[in-house]
Amino acid sequence: MGREAILRRIRLALGGATGADVAAQLSARMLHPPPAPVPQGEGDVVARFIARASANLIAVERIASLAQLVPAVQSLLEGGEDDARGISVAPALRHVGWPADWAINYGPGRIVERLSVTEAFAGIAETGSIVMRSAPETPTSLNFLPDVHVVVLHAGDILARPEDVWHRMRTSGEAWPRTVNVISGASRTADVGGVIVRPAHGPKRVHVLVVGG
Amino acid sequence: MTEGAKAADGEAAPVRVGLLVTCLVDLFRPNVGFAAVKLLEDAGCTVEVPAGQVCCGQPAFNGGDAAAARRIAKQVIRTFAGFDYVVGPSGSCLAMLRNDYPALLADELGWAARAQDLAARSHELMSFLVDVRGVHLRDAAYRGAVTYHDSCAGLRGLGIKAQPRQLLAEVDGLELRELQDAETCCGFGGTFCVKYPDISVRMVSDKIGNIDMTGAGTVLGGDLGCLLNIAGRLRRLGKTTRVFHAAEVLAGMADGPGIGEPEKA
Amino acid sequence: MRAVGPSFGERAAKALADASLQRAIGDLKGGFVAARARAVADFPAFEEMREAGRAIKDHTLANLDFYLERYAAEVERHGGHVHWASDAEEACRIVREICARAGARTVTKGKSMVSEEIGLNAALEADGIEVVETDAGEYIVQLAGEAPSHIVMPTVHKTADEIADLFLDRHRAHGFEARARDAAELIGQVRAVLRGKYFAADVGITGANFLVAENGAGVIVTNEGNGDLTSGLARVHIVTAGIEKVVPTLDDASLLLRLLTRSALGMEATSYTTYSIGPRRDGDIEGPEEYHVVLVDNGRSDMLAGPYRPMLRCIRCAACLNHCPVYLAVGGHAYDAVYPGPMGAVLMPMIGGHEKAEELPHACTLNGRCEQVCPVKIPLPDLLRRLRHDQWEAGFIRGTARWGIAAWSWLATRPALYHRLARVVAAAGGYLGRSRGRFRYLPLASGWTEGRDMPAPQGTTFQAAWAKRRERR
């Protein structure tokens, strides 16, 4: 069996299988990861998040509450092409008062996707990142397929660093999701002659709406 | 005369130094050896040159023959027994003694400790003068703009960076201009330069391009292998930039032909 | 035993003479090197972080069986399948079987160096499957029928003009008739072509920068977003990864990611960092139905036992390539290896045996810049030298290289004889060279004198002159 052969070679190389007390120590380390030298930010996490995200070409706008979501999306649509194709919205944001005549897709992303509105699980101030967690109400294909990706991020969900996000997920009591996407900038590539081109396969624009705070 | 030749304890203490000549200095440029002797004597050292030395063992060590490298290492250890210090004008050779001899002989009964002992007593010349003897130059002079190539082994193996620059700053009339990519390999690399001559020549040509950009009339370094490589390519390109080992300038012994230059008529 | 085809030296010579290639890789220094330097300068604790990264990797490797088993258990707990492949052949067979069971006709691929290592594309294509690389750089070299020349930027050897010519030729079938004017247009074509492929794919294959034992996550980093589209839209997602990719926790992955993105690209974070943990959950309205991980050994477990273990710390950032003066002179193709540059020169003999990569450990000046920039402190020059020692012992070093060193070493332990011979050589060389100070040509040293003069000795050896000086006193 491939597995047994490989593990046998590894154990031979290491001078034996992991003993029970070592295994217990290793398990304990996994539950409580030791502190590490990481960038220490100072000041308000929301302000830092906005500064870093903006530097990475993610547009950030603040709105007081979800009541302002529809108008914010409206202004992103204005001046665009024919609305008939409709936009996609994550089921989590179904009940924010979308106009009845908008043909909204509450499902997964489609091959042609003009604009999507999704809700983030968290934000990370260190790198200006948004953290998207897959769930029935937050399908992740909406993060990658649209030309314009609109992200709703509650100010209270902005944390200092990725470790804080993991801690929150670990202690949430919920099972690990299928996917966590950490988005820290616009889709880009430099594979042609070293020239940076945006976008590559992902959205042409990312627009984060920070709610409250 | 150098000022303040002090040993680590702050007293001007005479010390007995065994000079590690290095095979390249012995064969190609004895002047560097004599410059090293002068600098060491001016620093209050008595200098001896044990005849039992030939090579530090790098060609064997880097070429794959670890057994031969061990044999040569043991010979060097025997040859330099009893000296307070072992000092030589080469970062790569002294890095071999300090960093690689202990590892090479770690498993050999009776030799591991002797290798550690030798390593602790061994120093590249310029770092010895600055870090161990606290030397300051009084009479050195060299007119003109000079640039400096940091040889890889000395730089990365022994941390030699500030010491040559500190000494050169005390040379009257010398204007040191920093080389762009001073720390980039010149392409010598021991046998690499003859195994892969095309790549080696490209690398030394890049180095010379940077030397040209400084406008300096002279390039210095601390390792003769690098300097032979750089001088060889400069002459082939018909350039007149002069090449010396830094020790020659520091000792005031750079009034003769530079590396690759003919004897003056 | 000797490799057939051109040698490293011959390929290097060709690369040095290739003006277009030289232009292309010349940009690497201003690009990756400058970017990394800025990122390191911006983060004062970078050195501490390197040490912490090294420690995490060493700790994991020292307990690799525990962490691999925990990782596999977590993947399975979340509904995925873990397959263990001892070598390249087994790994390809496993992937082919998964694809066959899935009735796959089209497979999309995110960047996976280990998939190149095992020759996966060729194996799948032999089964009549269309394999589509989705990383723009990999897509381009695939279209050109070339191998990637750099592990992070596969197209570093190609200019924009060459790519425009390629697309003009090969993208007509997709409706692009005119030659693209710039990089933006070229990437726009790639985006358009691949969008349909993502939806058409039956299977999506990605690599993994890290495998997280705490929850079974596979982590990939991209700037393009292609990894997510590859893994998220197909019915089956396969992850191919070396066994050394496992790390204990998400926190460990986060630290190593900080080192990776700075070392590779000078960035604090890539645009996309994606953690995939198994197939779609109950209630999910999208996502793969099947999730498979193929763990690849292929020589790695053998490296654990001995002095080469530190090589397993490698996080594939390519900083060593970007800072190696040899790589910067000749580019990746001269190495003729899946992994070029310093890390490749160590890894290739380990995973393929000395015969496959004899020359690589010698294509190096041992200058040590690679070790300085390695985010996990792999002692690359020591490992390369050790490979030379292994080759010597196994008889791979032959001919002039061997007897030249043997002769020198023999002389080096006979100082009296050596000094007599050296005096003769110094005298002859000094005499013959005195008028010009150098030799334009030297028999037996054509490697040197092809491109350089040889400075002449000074007519005597130091030892002889010293003895004379002492006599006079």
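The points below comment on a predicted model, taking the domains of chain C, the contact between chains B and C, and a selection of salt bridges in turn.

1. Chain C is divided by the domain assignment into domain 1, covering 38-301, and domain 2, covering 414-472. The C-alpha centres of these two domains of chain C are placed 57 Å apart in the model.

2. For the contact between chains B and C, 66 residues come from chain B and 64 residues from chain C. The size of an interface is often given as the accessible area lost when the parts come together. For chain B and chain C that figure is about 5,600 Å², with 62% of it on carbon and sulfur atoms.

3. Between chain B and chain C the count of residue pairs in polar contact is 25, with both residues at pLDDT 80 or more. On the side of chain B that touches chain C, several helices each supply at least two residues, among them α2 (30-42), α4 (66-79), α11 (197-214) and α12 (224-236) of chain B. Sorted by class, that side of chain B has 36 nonpolar, 15 polar and 15 charged residues.

4. The count of salt bridges between chain B and chain C is one. A salt bridge between these chains pairs B:Arg236 with C:Asp453, and the closest N and O atoms of the two residues are 2.7 Å apart.

5. Over all chains, a search of the whole structure finds 57 salt bridges. One salt bridge is formed by the side chains of A:Arg29 and C:Asp252, at 2.9 Å from N to O. This pair joins two chains, because A:Arg29 lies in helix α2 (residues 20-31) of chain A whereas C:Asp252 lies in helix α12 (residues 250-265) of chain C. A:Arg29 is buried, at a relative accessible area of 17%, and C:Asp252 is buried too, at 5%.

6. A salt bridge also links the side chains of A:Glu126 and C:Arg258, with an N to O distance of 2.8 Å. This pair crosses between chains, running from A:Glu126 in the loop between β4 (122-124) and β5 (129-133) of chain A to C:Arg258 in helix α12 of chain C. Both A:Glu126 and C:Arg258 are buried.

7. Within chain C, C:Glu51 and C:Arg54 form a salt bridge whose closest N and O atoms are 2.6 Å apart. The two residues are separated by about one helical turn, because they are three residues apart in helix α3 (residues 46-62) of chain C. C:Glu51 is partly exposed, with a relative accessible area of 32%.

8. Finally, A:Arg3, A:Glu4, A:Arg11, C:Asp65 and C:Glu69 are joined into one network by salt bridges that share partners.

Conventions. Residues numbered from 1 in each chain as written. Chains lettered and ligands numbered in written order. Predicted model: local features only at pLDDT ≥ 70, side-chain atom pairs only at ≥ 80, totals over all residues. Heavy atoms only, no water. Domains from an automatic or database assignment. Contact = heavy atoms within 4.5 Å. Buried area = accessible area lost by both parts, 1.4 Å probe. Salt bridge = Lys/Arg side-chain N within 4 Å of Asp/Glu carboxyl O. Polar contact = N/O pair within 3.5 Å; in protein donor to acceptor, adjacent residues only side chain to side chain. Helix = DSSP H or I, 4+ residues; strand = E, 2+ residues; numbered from the N terminus. Nonpolar A, V, L, I, M, F, W, Y, C, P; charged D, E, K, R; others polar. Buried < 20%, exposed > 50% of the residue type's maximum accessible area, 1.4 Å probe, protein only.
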